[in-house]
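Welcome! Here are some exercises for getting to know a new structure, each with a worked solution. Keep the sequence and the 3D view at hand as you go.

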Amino acid sequence: MTNATTTSKQVAINDIGSADDFLAAVELTIKSFNDGDLIEGTVVKIDRDEVLLDVGFKTEGVIPSRELSIKHDVNPDEVVKVGDSVEALVLQKEDKEGRLILSKKRAQYERAWGDVEKVKETEGVVTGTVIEVVKGGLIVDIGLRGFLPASLIELRRVRDLTPYLGQEIEAKILELDKNRNNVVLSRRALLEETQSATRSSFLADLKPGQVRKGVISSIVNFGAFVDLGGVDGLVHVSELSWKHIEHASDVVEVGQEVTVEVLSVELDRERVSLSLKATQEDPWQVFARTHAIGQIAPGAVTKLVPFGAFVRVADGIEGLVHISELSGQHVELAEQVVSAGQEVFVKIIDIDLERRRISLSLKQANEGLDPEGTEFDPALYGMTTEYDENGEYKYPEGFDPETQEWKEGFESQREKWEQEYAAAQERWEAHKKQVAAMLAEQAAAPAIDAPSASNFSSDSASTGALADDEALAALKAQLEGN
């Protein structure tokens, strides 16, 4: 029998020392914090009311949900995720329950103040997201709760602030007071700076005579301002319309799109003068193009003067009927023949485009018309008639003078011609009724003798009227027949 060898177990060498030495070593593995310290940790748990953070302390740090974000009533899951590395500020090293109370928003707040103060010193720009709409403005998350007044959001005051929620915006810092936790922002100041640079460049490219599109931005007593795309120009009331107007609102309204011509640019004063009427055809030019001497035009008496009466024959166009052209009989006062507001037909006897004057005759218009007559000259009542360089009548497009028929495919031209013809005929019929009424009135008033029937001889035979040309008369008959 062999002797058994007994081997005793060896105990590890105690390299720590006593129990007190052991506790001291454990303490060395636990981080030590003081109230107000900024520490980092990892999110290990998320509850509705709090978030637990592993910060290497003997217990996990607790961030109450109200201390997670500067945004009120926030859902913790929207702010952090498990595993996120988070910086927090120590609010209380040990509460009555022995917990380490932390604040993420206070840590963010401390960091942000330093950054924001540097931005303010350098007059820089901060960027943040709109997190709330409050009375009088917006709350912007720039690491702090920055207040952006409604009057400082845009260049012009904004009424509905809701669309800004969630938007990321840039702004300048107007006020900064850490003691009062007060940060006031201005986006308008930034826009004005940007606009100033854009405005200078825009004005440099703007030249008199250019035609630009814009929008009426405001109306004032002396005219209207037009936004040309970041730069406002003034259209003086005298440049709004060819006709006389009392106020800009008679012609334009805020928000209306317009086309204007640049009259002048003052770079040093950053002033732009514009004209609306310059982009519209002069009504005098229009009248001269669409009317001819010898034509009969409908109008309305606007005012009576000692030497006659003024008659409006088109929008913004007035002509004078001299007292000698009011009637075939001697007239002392215009009131003996016409009254203000009365509708009349007058003959155009002169057009002075350069001096913007039109001479009219009521006498010649009436003397040349038999109220019972059937001879109708459409050219005399405004229907367009054109002649070539040889004085030959130019037939309307689509009408074949040889066949006296309208060609296929020219239905719209035919319709337009027929409409013009019908309008001229309607004016002729109205003129005949007016002359008939005037003759009846004169017959009942012995003070002014009515003109005799023998006076119905037209002196307009040489005006190139439609009925004076045989070919044109044939065309008229053919067109009337069709």
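**Exercise 1. Around helix α3**

Which residue follows α3, and what is the sign of its phi?

*Solution.* Before starting, note that this is a predicted model.

Step 1. Go to the end of α3: the residue that follows is Glu123, and its phi is positive, near 55°.

Step 2. Now go to the other end. Ser103 caps the N-terminal end of α3, with a side-chain oxygen placed 3.0 Å from the backbone nitrogen of Arg106.

Step 3. Check the length. Helix α3 covers residues 104–121, which is 18 residues, and at 1.5 Å a residue these should span 26 Å. The end C-alpha atoms are 26 Å apart, so the expected and computed values agree.

Step 4. Find the residues tucked away from the surface. The buried residues of α3 are Lys104, Ala107, Tyr109, Ala112, Trp113, Val116 and Val119.

**Exercise 2. The same checks for helix α4**

Find the residue that caps α4, then check the helix length and list its buried residues.

*Solution.* Step 1. The cap at the N-terminal end of α4 is Ser186. A side-chain oxygen of Ser186 lies 3.0 Å from the backbone nitrogen of Ala189.

Step 2. Helix α4 runs over residues 187–205 and has 19 residues. From first C-alpha to last, α4 reaches 27 Å, close to the 27 Å expected at 1.5 Å a residue.

Step 3. The buried residues here are Arg187, Leu190, Arg199, Phe202 and Leu203.

**Exercise 3. The neighbours of strand β3**

Trace the pairing of β3, and say which way its residues point.

*Solution.* Step 1. Begin with strand β2 (residues 50–54): four bridges join β2 to β3, and the two run antiparallel. Across this pairing, Glu50 stands opposite Pro64 in β3.

Step 2. Look at the connection. β2 and β3 form a hairpin with six residues between them, and Gly56 in the turn has a positive phi of about 80°.

Step 3. Turn to strand β5 (residues 100–103), which pairs with β3 in the parallel sense over two bridges. Here the bridge partner of Val62 is Ile101 in β5.

Step 4. Sort the residues of β3 (residues 61–64) by direction. Gly61 and Ile63 point one way, Val62 and Pro64 point the other way, and all are buried.

**Exercise 4. Strand β9 and its partners**

How many bridges join β6 to β9, and how many residues lie between β9 and β10 in their hairpin?

*Solution.* Step 1. Strand β6 (residues 125–134) and strand β9 (residues 168–177) run antiparallel, joined by five bridges. Val126 stands opposite Ala171 in β9.

Step 2. β9 also pairs with strand β10 (residues 182–186) in the antiparallel sense, over five bridges. In β10, Leu185 is the bridge partner of Ile173.

Step 3. The hairpin of β9 and β10 has four residues between the strands. Asn181, in the turn, has a positive phi of about 50°.

**Exercise 5. One loop residue**

Is Asn221 buried or exposed?

*Solution.* Step 1. Locate Asn221 in the loop between β11 (211–220) and β12 (223–227).

Step 2. Apply the cut-off: a residue is exposed when its relative accessible area is over 50%. Asn221 has 65% relative accessibility, so Asn221 counts as exposed.

Step 3. Compare sequence and space. Asn221 and Val237 are 16 residues apart in sequence, and their C-alpha atoms are 8.1 Å apart.

**Exercise 6. A barrel and its helices**

In what order do the five strands close into a barrel, and which helices lie across strands β16 to β20? *Solution.* Step 1. The barrel order is β16-β17-β18-β20-β19, and the pairing is mixed. Neighbouring strands of this sheet are turned by 50° against each other on average, direction ignored.

Step 2. Follow the closing pair. Strand β16 (residues 296–305) and strand β19 (residues 343–352) pair in the antiparallel sense over five bridges, with Ile296 opposite Lys347 in β19.

Step 3. Add the helices. Helix α5 (residues 283–290) lies across β17, β18, β19 and β20, running at about 60° to β18. Helix α7 (residues 411–444) lies across β16 and β19, at about 115° to β19.

**Exercise 7. A record and the whole protein**

Compare an annotated span with the model, then step back.

*Solution.* Step 1. UniProt, in an unreviewed entry, lists residues 407–434 as "coiled-coil region". In the model this span is 86% helix and 0% strand, and its end C-alpha atoms lie 38 Å apart.

Step 2. For the protein, the secondary structure comes to eight helices and 22 strands. Of its 482 residues, 35% count as buried.

Notes:
Residues are numbered from 1 along each chain as its sequence is written. This is a predicted model: local features need pLDDT of at least 70, side-chain atom pairs count only at pLDDT 80 or more; totals for chains, interfaces and linings use all residues. Side-chain values use heavy atoms; hydrogens and water are left out. Two strands pair if DSSP finds at least two bridges between them. Axes are lines fitted to C-alpha atoms, for helices over the stretch in contact, and angles run from 0 to 180 degrees between N-to-C directions. Contact means heavy atoms within 4.5 Å. The expected span of a helix is 1.5 Å times one less than its number of residues. Buried means under 20% relative accessible area, exposed over 50%, partly exposed in between (1.4 Å probe, protein chains only). A polar contact is a pair of N or O atoms within 3.5 Å; within protein, one must be able to donate a hydrogen and the other to accept it, and residues adjacent in sequence count only if both atoms are side-chain atoms. UniProt positions are given in the numbering used here, feature names are shortened, and annotations may be inferred rather than shown by experiment.
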